Amino acid sequence: DPDFNKAYKNYAVDSVGTHWGACRRRTFLQYLLNVVKYNDAAELPTLDLWREISDEIAGIYVPESKYMHWIWKQGNLFEEHMLELFKESGIYLDTQVMIYIPKYNVSGKLDAIVINPNTVKKIICEAKSVYGHNGEKVLGTEQERKYGQCGEPRDYNLMQIAIYQFHFTDESYEYGQLIYGDRGSGVYAVFQVDVDRVTGVIRYRAISPAVGAWVTVSYTVLDILSVYEGITKSVEEGVLRF
């Protein structure tokens with residue numbers, strides 16, 4: 001089943017038609033490649049249309065550079081460091097917890113689940129590494145951080161943890177946490193993420209380096225999941241929609 005952790009980045013279209021997150025064409029095609037690969041492995045039939053397109057994509061696909069593999073390795077090191085800190089502090093519960101949502105045919109893995117010793121509630125944590133100028137958009141500039149301010153989480157990261165919050169958690173969980181670290185400087189920022197389990201409304205706030213105000217985003221979890229529902233329908237019907 002397609003994995004929205006690794007296969008591609010999330011996107012959503014809000015109620016007024018504004019597009020948020022990753023490129024919808026890239027999302028569709030990467031999802032499609034995974035569907036074809038999965039069907040082949042499971043010996044399931046694949047529509048001729050998708051076989052032709054997937055073969056064409058595979059023929060022109062440019063493998064990720066050594067630099068990108070190095071970036072991914074650094075990201076894994078940041079996640080491992082975060083897990084070690086959780087364990088040392090005695091709040092660690094679990095890692096790499098699988099999630100599958102049958103209705104939307106997507107799956108993923110939680111980076112970590114920890115426990116808040118003050119509330120005795122569990123917290124989903126996602127670790128993301130950033131670097132350079134783009135990293136400052138998330139972490140905040142040196143000047144902004146001097147005054148207790150930071151940037152804002154990346155849309156597709158926020159979408160990922162919002163799906164986890166909406167689908168996986170219950171009353172035994174509190175706000176999720178997006179934990180960002182700079183691969184070069186070691187500077188970090190933490191955002192709390194809250195999702196309304198009825199409406200799917202998503203909001204977030206910074207809690208490190210300082211506590212900020214809650215911000216409600218334009219799209220909901222239902223907007224995100226409707227994308228996957230639409231992609232699945234497109235694949236089943238043999239129709240390109242992006």
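The exercises below, each with a worked solution, concern a predicted model of one protein chain.

**Exercise 1. The chain as a whole**

Find how many helices and strands the protein chain has, and what share of its residues is buried.

Solution.
- Step 1. Count the elements: the protein chain has seven helices and nine strands.
- Step 2. Turn to burial: of the 242 residues, 43% are buried.
- Step 3. Turn to the surface: about 13200 Å² is exposed, and carbon and sulfur atoms supply 53% of that area.
- Step 4. Look at contacts between residues at least 6 apart in sequence: 56% of them join residues at least 24 apart.

**Exercise 2. Helix α3**

Compare the reach of helix α3 with the expected value, then state which of its residues are buried and what covers them.

Solution.
- Step 1. Locate the helix: α3 spans residues 66-89, which is 24 residues.
- Step 2. Take the distance from its first C-alpha to its last, 35 Å; this is close to the 34 Å expected at 1.5 Å a residue.
- Step 3. List the buried residues of α3: Ile71, Gln74, Gly75, Phe78, Glu79, Met82, Leu83 and Phe86.
- Step 4. Identify the cover: it includes the strands β3 (92-101), β4 (106-116), β5 (121-130) and β6 (176-182).
- Step 5. Look past the end of the helix: α3 is followed by Gly90, which has a positive phi, near 80 degrees.

**Exercise 3. Met68 and a surface patch**

Decide whether Met68 is buried, partly exposed or exposed, and name the patch residues that go with Met68.

Solution.
- Step 1. Place the residue: Met68 is in helix α3.
- Step 2. Apply the cut-offs: under 20% relative accessible area counts as buried and over 50% as exposed. Met68 has a value of 30%, so this residue is partly exposed.
- Step 3. Find the patch: Tyr67, Met68, Trp70, Trp72 and Tyr131 make a nonpolar surface patch of about 580 Å².

**Exercise 4. Strand β7 and its partners**

Explain why β7 is described as largely enclosed, and work out how β6 and β8 pair with β7.

Solution.
- Step 1. Check burial: β7 covers residues 188-195, and seven of its eight residues are buried, so the strand is largely enclosed by the rest of the structure.
- Step 2. Take the β6 side: β6 and β7 are antiparallel and pair over six bridges. Gly176 has Val193 in β7 as its bridge partner.
- Step 3. Examine the link: β6 and β7 form a hairpin with five residues between them, and Gly186 in the turn has a positive phi of about 85 degrees.
- Step 4. Take the β8 side: β8 (residues 201-208) runs antiparallel to β7, joined by six bridges. Gln192 has Arg205 in β8 as its bridge partner.
- Step 5. Examine the second link: β7 and β8 also form a hairpin with five residues between them, and here Gly200 has a positive phi of about 80 degrees.

**Exercise 5. Two single residues**

Classify Ser208 and Leu240 by accessible area, and list their contacts beyond four places in sequence.

Solution.
- Step 1. Ser208 is found in strand β8. Its relative accessible area is 16%, so Ser208 is buried.
- Step 2. Ser208 touches Cys150, Tyr188, Ala189 and Val190.
- Step 3. Leu240 lies in the segment after α7 (221-237). With a relative accessible area of 43%, Leu240 is partly exposed.
- Step 4. Leu240 is in contact with Phe28, Trp50 and Ile53.
- Step 5. Set sequence against space: Leu240 and Trp50 are 190 residues apart in sequence, and their C-alpha atoms are 9.6 Å apart.

Note on methods: Residues numbered from 1 in each chain as written. Predicted model: local features only at pLDDT ≥ 70, side-chain atom pairs only at ≥ 80, totals over all residues. Heavy atoms only, no water. Helix = DSSP H or I, 4+ residues; strand = E, 2+ residues; numbered from the N terminus. Expected span 1.5 Å × (residues − 1). Buried < 20%, exposed > 50% of the residue type's maximum accessible area, 1.4 Å probe, protein only. Contact = heavy atoms within 4.5 Å. Areas by Shrake-Rupley, 256 points an atom, 1.4 Å probe, with all protein chains shown as cover. Pairing = 2+ DSSP bridges. Patch = residues over 30% accessible without salt bridge, like charges linked within 9 Å, V, L, I, M, F, W, Y side chains within 5 Å. Salt bridge = Lys/Arg side-chain N within 4 Å of Asp/Glu carboxyl O.
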